Amino acid sequence: MGANTKEYPAKIPFPVTCHKCKEPFVHKFHMDKTSFDWTCPKCGFTHPSYLGLDITIGVLLLLKSRYELTEEKDFSMAVVFAAMAFEGELSRLFVKWKEIECIGAGTQLDREACEDQLRDFRTINGKDRGGFSIPSWLEHRRFRVIQNAIT
Ligand SMILES: [Zn+2]
């Protein structure tokens with residue numbers, strides 16, 4: 001994150017539940033955090049919390065998208081965050097599979113070359129040509145409309 005982090009905070013609303021009194025709560029934290037403390041508004045118990053490894057940036061951005069859609073009623077931002085989530089997950093998986101490919105070949109991943117490859121993919125179809133296979137569930141007609149809208 002750059003110098004504008006405080007100026008444009010992208011807080012992620014994350015659903016949590018108090019372990020002491022079972023009160024559900026939505027804690028907001030900056031998306032570059034992987035851990036945070038939160039205090040239950042009902043009983044005052046402070047919880048140290050860590051995100052699981054399955055909580056990727058795409059999952060966080062999708063939570064933000066859902067929050068914009070259901071709470072803020074900002075439909076444009078919901079679409080923007082959903083597109084960012086989709087793009088972030090595709091990029092994360094692309095790098096992951098390239099890294100696995102390198103492990104299989106006994107070579108080192110060149111992250112800069114990988115990022116250059118990602119920048120060259122202007123469309124989802126471009127990512128497909130780059131060796132990233134789009135799962136069959138993405139071929140669903142409704143999802144294809146979303147794909148076309150964000151590319
Ligand atoms: Zn509590």
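## A working chat on loops, helices and confidence

Reader: Starting with K73, is it buried or exposed?

Author: K73 counts as exposed, because its C-beta neighbours inside 10 Å number 9. I should add at once that this is a predicted model.

Reader: And where does K73 lie?

Author: K73 is placed in the loop between α1 and α2, and although K73 is not a glycine, it has a positive phi of about 55°. As background, most residues other than glycine have a negative phi.

Reader: What about K22, which phi does it take?

Author: K22, likewise a residue other than glycine, has a positive phi near 70°. It belongs to the loop between β1, residues 11-17, and β2, residues 24-30, and K22 counts as exposed because it has 10 C-beta neighbours inside 10 Å.

Reader: Stepping back, how many helices and strands does the chain have?

Author: There are five helices and four strands in the chain, and their order along the sequence is β-β-β-β-α-α-α-α-α.

Reader: What share of the chain is buried?

Author: Of the 151 residues in the chain, 10% are buried. As for contacts with a separation of 6 or more, 32% of them in this chain come from residues 24 or more positions apart.

Reader: Back to the helices on either side of K73: at what angle do α1 and α2 pack?

Author: Helix α1, residues 57-72, and helix α2, residues 75-105, pack at an angle of about 170°, and their axes are 8 Å apart. The two helices α1 and α2 are therefore roughly antiparallel to each other, the cut-off for that description being an angle over 145 degrees.

Reader: Which residues of α1 and α2 meet there?

Author: On the α1 side they are I57, G58, L61, L62, K64, S65, E68 and L69, and these meet F75, M77, A78, F81, A82, M84, A85, G88, E89 and R92 in α2. Sorted by class, the contact of α1 with α2 holds 11 nonpolar, three polar and four charged residues.

Reader: Which residues in α2 are buried?

Author: The buried residues in α2 are F81, A82, A85, F86 and K98. F81, A82 and A85 are also among the α2 residues that meet α1.

Reader: What span should α2 have, given its 31 residues?

Author: At 1.5 Å a residue, α2 should span 45 Å, and its end C-alpha atoms are 45 Å apart, so the expected span and the model agree.

Reader: What comes just after α2?

Author: Just after α2 sits G106, with a positive phi of about 75°. The loop between α2 and α3 also contains Q108, which counts as exposed because it has 9 C-beta neighbours inside 10 Å. Q108 is 10 residues along the chain from K98, and the C-alpha atoms of the two are separated by 10.0 Å; K98 itself is buried.

Reader: And in α3, where does E115 stand, buried or exposed?

Author: E115 belongs to helix α3, residues 111-120, and it counts as exposed because 12 C-beta neighbours lie inside 10 Å. In sequence E115 is 20 residues from V95, while in space the two are 8.3 Å apart, C-alpha to C-alpha.

Reader: Going back to the strands, where is the place of D32?

Author: D32 is found in the loop between β2 and β3, the latter being residues 35-39. With 11 other C-beta atoms within 10 Å, D32 is exposed. Its C-alpha atom is separated by 9.3 Å from that of K11, which is 21 residues apart from D32 along the chain.

Reader: What is the mean pLDDT of the chain?

Author: The mean pLDDT is 80, and 74% of the residues reach 70 or more. Among the elements, strand β4, residues 46-50, has the highest mean value, 93, and helix α4, residues 124-129, has the lowest, 51. Over residues 1-5 the pLDDT is below 50, and this stretch has one contact in the model beyond near neighbours in sequence.

Reader: What should I do with the low-confidence parts?

Author: Where pLDDT is low, the predicted coordinates should not be read in detail.

Notes
Residues numbered from 1 in each chain as written. Predicted model: local features only at pLDDT ≥ 70, side-chain atom pairs only at ≥ 80, totals over all residues. Buried ≥ 20, exposed ≤ 12 C-beta atoms within 10 Å, placed from the backbone. Contact = placed C-beta atoms within 7 Å. Axes fitted to C-alpha atoms, helices over the stretch in contact; angles between N-to-C directions. Parallel < 35°, antiparallel > 145°, perpendicular 65-115°, else oblique. Nonpolar A, V, L, I, M, F, W, Y, C, P; charged D, E, K, R; others polar. Expected span 1.5 Å × (residues − 1). pLDDT = per-residue confidence, 0-100.
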